[in-house]
Amino acid sequence: MTKYLFSTKNFIYITCLSLVTLTACKNDASDKTENSEAESNLAISSNNADLTVPEGFGVIKVADSLGAARHIAVTKDGGIYVKLNQLKDGKGIVYLQDTDGDGVADSTSTFADYGGTGIYLTNDNLYASSDQEIFRYKLDSDQKVTNPDSPDTIVTGLINRRQHASKSITLDGAGNIYVNIGAYSNACQVESRTPGSPGMQPCTILDSAGGIWKFNADRLKQTYGDGTRYATGLRNVVGLDWNTQNDKLFVMQHGRDQLHTLFPDLYDEKTSAVLPAETMYMLNEGDDAGWPYIYYDQQKEEKIVAPEYGGDGVKTGGENANDPVAAFPGHMAPNALLFYTGDMFPERYKNGAFIAFHGSWNRAPEPQEGYMVAFVPFENGKPSGEYEIFANGFAGMETVESPGDAAHRPTGLAQGPDGSLYVSDDAGGTIYRIVYNKK
Amino acid sequence: MKIRLLSHPLIGLMFLLLVSCNSEKKKSTETESDIKVQETSASASAKTDESQQEVPAFMEAGKTVYTQNCLVCHQSTGSGVPGLNPPLKDTKYVLGEKNQLISIVLNGSNKGLVVKGSTFANAMPPFASLSNEDIANVTSYIRNSFGNKAEPITPEEVETVRAGTK
């Protein structure tokens with residue numbers, strides 16, 4: 001034993017190993033290192049905060065451990081409003097500021113006594129939603145909230161039966177606010193999620209949920225009777241955005257669950273792990289996306305009759321229902337949609353769609369997928385190419401067996417005044433800022 | 001060379017350094033690490049028990065019922081899905097009062113059960129169509145999987161609850 005300890009070969013080996021160990025430790029400890037290529041003093045993470053992004057992009061970890069960070073909005077000065085799903089220390093909105101310009105938040109304030117998902121910023125107002133209401137805050141010239149404890153109630157009494165309860169919001173620039181009211185159901189079965197139970201005929205859930213409702217953005221205390229059902233047949237939408245290029249509302253639907261467990265004779269586990277598609281729709285007033293009567297099969301590129309309504313996995317239907325403008329593999333849970341209008345990213349990203357996927361659970365027992373941010377290029381308000389994975393690695397592991405294991409889950413997107421892309425995560429409470437820094 | 005290296009005291013020290021380095025990097029909350037400690041000790045003791053006595057029949061039979069009816073929502077790890085489907089591991093509603101657990105399986109649950117301070121969005125459907133034996137097997141299986149350790153449930157106990165809810 002002693003003889004090995006002092007052998008020269010061994011000594012060199014150990015010294016090298018020690019150095020490697022120390023270096024690894026040092027890198028971990030100093031997550032922020034300045035990037036010499038960047039003009040600014042942005043603290044771009046040396047390992048891109050453990051994310052994978054395309055060449056030329058860098059990642060700054062703006063904040064972490066905020067709680068269940070859902071949707072986000074960034075002010076013209078780079079301040080970030082973060083909506084929390086559950087209250088943290090009694091508050092439901094966090095306002096982050098970076099006063100020294102390194103990109104990392106160094107000032108935090110909190111307000112709002114309700115949890116929720118939706119948040120949307122205009123020049124003069126901040127809108128935020130609970131799972132049954134929409135509130136409006138007034139902003140000063142720096143887009144800071146002036147009435148944190150006494151917001152106006154714009155919409156109230158929206159249905160909240162826990163399932164698909166989040167109320168995502170967007171505005172059209174013409175004084176209207178659009179809110180998703182998710183269906184409190186998987187497939188509108190008479191007995192929820194019960195094998196063999198048929199679909200309700202008709203599906204009465206659609207009277208008050210399963211669609212997008214439109215309200216006046218400035219009128220107080222509106223409820224169902226004051227708004228209009230803008231589009232129906234949407235099981236649950238969490239990501240939505242107004243496309244300013246063609247002046248249309250775009251939404252991302254979460255497709256139905258459990259084709260195999262509810263109809264084992266028609267769908268095997270592997271098929272059920274990828275079907276039906278998660279779908280992107282362009283909506284006009286009065287549109288119907290077909291839920292619960294049909295679903296979209298991205299492999300056949302067809303609308304298929306749901307098994308609860310007499311479908312066999314092959315029979316097509318929904319002749320009057322919208323076709324999606326883009327389709328993605330099943331169950332990946334698109335939780336945010338953002339049309340990129342900034343000037344920082346290369347030209348091909350301009351006007352394209354970023355989509356934050358929360359990551360699946362319903363693929364089990366197959367491994368989970370989709371803990372990532374995707375990009376779809378657009379031309380003239382229409383997708384001009386296939387989707388690609390833009391930012392990945394949020395889960396922090398190669399194979400995700402169960403969503404509870406994932407370190408981070410993308411949930412919200414926002415564009416900064418300089419064209420940076422912000423991503424929120426409701427598992428680790430992290431806010432990421434993705435910048436393009438190639439010369 | 002390999003044997004020499006592994007038995008080397010300095011190498012051991014360096015592994016420790018690496019491990020401590022890693023644990024700093026991993027971001028787990030206090031509760032999470034608590035659970036992990038409990039899991040390890042529970043599964044360790046389960047292993048000792050298993051080596052001393054045969055695995056009870058309900059484990060295999062229960063796993064089959066679990067895989068067909070429960071796994072998608074409650075996951076192969078019994079950890080559920082945050083915000084949607086409650087976990088089964090290390091929870092009072094699974095490990096405590098047997099009748100409550102039997103009743104949830106028979107009648108489903110859509111009341112927003114609070115588990116470890118969280119509520120969960122999805123409704124659980126009733127599984128009354130399963131036999132008393134299947135329900136006994138699957139409840140016994142979940143009470144003794146994922147690090148759980150609790151007394152098994154018998155078909156007679158299921159029948160008592162079933163008769164009471166008719």
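**Exercise 1. Strands β11, β12 and β13 of chain A**

In β12(A), Ile181(A) stands opposite Gly211(A). This is a predicted model, so read each pairing as part of a prediction. Task: work out how β11(A) and β12(A) pair, and how β12(A) pairs with β13(A).

Solution.
- Step 1. Locate the strands. β11(A) covers residues 176–181, and β12(A) covers residues 211–216.
- Step 2. Count the bridges. Six of them join β11(A) to β12(A).
- Step 3. Give the direction. β11(A) and β12(A) run antiparallel.
- Step 4. Move to β13(A), residues 228–232. β12(A) and β13(A) share four bridges, again in the antiparallel sense.
- Step 5. Name a pair. Trp213(A) has Arg229(A) in β13(A) as its bridge partner.

**Exercise 2. A residue in a loop**

Task: describe where Ser208(A) lies and which residues it touches.

Solution.
- Step 1. Place the residue. Ser208(A) sits in the loop between β11 and β12 of chain A.
- Step 2. Judge its exposure. A residue is buried with 20 or more other C-beta atoms within 10 Å, and exposed with 12 or fewer. Ser208(A) has 15 C-beta neighbours inside 10 Å, so it counts as partly exposed.
- Step 3. List the contacts. Leaving out residues up to four places away in sequence, Ser208(A) touches Ile159(A) and Tyr224(A).
- Step 4. Compare chain and space. Ser208(A) and Asn180(A) are 28 residues apart along the chain. Their C-alpha atoms are separated by 11 Å.

**Exercise 3. An open sheet and an enclosed strand**

Task: find the edge strands of the open sheet β6-β7-β8-β9 of chain A. Then decide whether β1(A) is enclosed or open to the outside.

Solution.
- Step 1. Read the order. The open sheet has four strands, β6-β7-β8-β9, with antiparallel pairing.
- Step 2. Pick the edges. β6 (119–121) and β9 (152–155) of chain A each have a single partner strand, so one side of each lacks a neighbour in the sheet.
- Step 3. Note the twist. From one strand to the next, it averages 25 degrees.
- Step 4. Look at one pairing. β8(A), residues 134–138, is joined to β9(A) by three bridges, and the two run antiparallel. Ile134(A) stands opposite Val155(A) in β9(A).
- Step 5. Turn to β1(A), residues 57–63. Seven of its seven residues are buried, so the rest of the structure largely encloses this strand.
- Step 6. Find the partner of β1(A). Six bridges join β1(A) to β29(A), residues 431–436, and the strands run antiparallel. Phe57(A) stands opposite Tyr436(A) in β29(A).

**Exercise 4. Two helices that cross**

Task: classify the crossing of α4(B) and α8(B), and name the residues that meet.

Solution.
- Step 1. Take the geometry. The axes of α4(B), residues 57–69, and α8(B), residues 132–143, come within 7 Å. They cross at roughly 100 degrees.
- Step 2. Apply the cut-off. Angles of 65 to 115 degrees count as roughly perpendicular. α4(B) and α8(B) are therefore roughly perpendicular to each other.
- Step 3. Name residues from each side. Those of α4(B) include Phe58(B), Met59(B), Val65(B) and Tyr66(B). Those of α8(B) include Asn137(B), Val138(B), Tyr141(B) and Ile142(B).
- Step 4. Sort the contact by class. It has eight nonpolar, three polar and two charged residues.

**Exercise 5. Chain B and one proline**

Task: summarise chain B, say how confident the predictor is, and place Pro155(B).

Solution.
- Step 1. Count the elements. Chain B has nine helices and zero strands.
- Step 2. Check burial. Of the 166 residues in chain B, 28% are buried.
- Step 3. Read the confidence. Chain B averages a pLDDT of 77, and 67% of the residues score at least 70. Over residues 1–48 of chain B the pLDDT is below 50.
- Step 4. Compare the elements. α1(B), residues 2–7, has the lowest mean pLDDT at 41, while α8(B) has the highest at 98.
- Step 5. Place the proline. Pro155(B) is in helix α9(B), residues 155–165.
- Step 6. Judge its exposure. Pro155(B) has 15 other C-beta atoms within 10 Å, so it is partly exposed.
- Step 7. List its contacts. Beyond residues up to four places away in sequence, Pro155(B) touches Asn132(B), Glu133(B) and Ala136(B).
- Step 8. Add a distance. Pro155(B) and Leu84(B) lie 71 residues apart in sequence and 29 Å apart in space, C-alpha to C-alpha.

Note on methods
Residues are numbered from 1 along each chain as its sequence is written. Chains are lettered from A and ligands numbered from 1 in the order in which they are written. This is a predicted model: local features need pLDDT of at least 70, side-chain atom pairs count only at pLDDT 80 or more; totals for chains, interfaces and linings use all residues. Axes are lines fitted to C-alpha atoms, for helices over the stretch in contact, and angles run from 0 to 180 degrees between N-to-C directions. Angles under 35 degrees count as roughly parallel, over 145 as roughly antiparallel, 65 to 115 as roughly perpendicular and the rest as oblique. Two residues are in contact if their C-beta atoms, placed from the backbone, lie within 7 Å. Ala, Val, Leu, Ile, Met, Phe, Trp, Tyr, Cys and Pro count as nonpolar, Asp, Glu, Lys and Arg as charged, and the others, Gly among them, as polar. pLDDT is the predictor's confidence in each residue, from 0 to 100. Two strands pair if DSSP finds at least two bridges between them.
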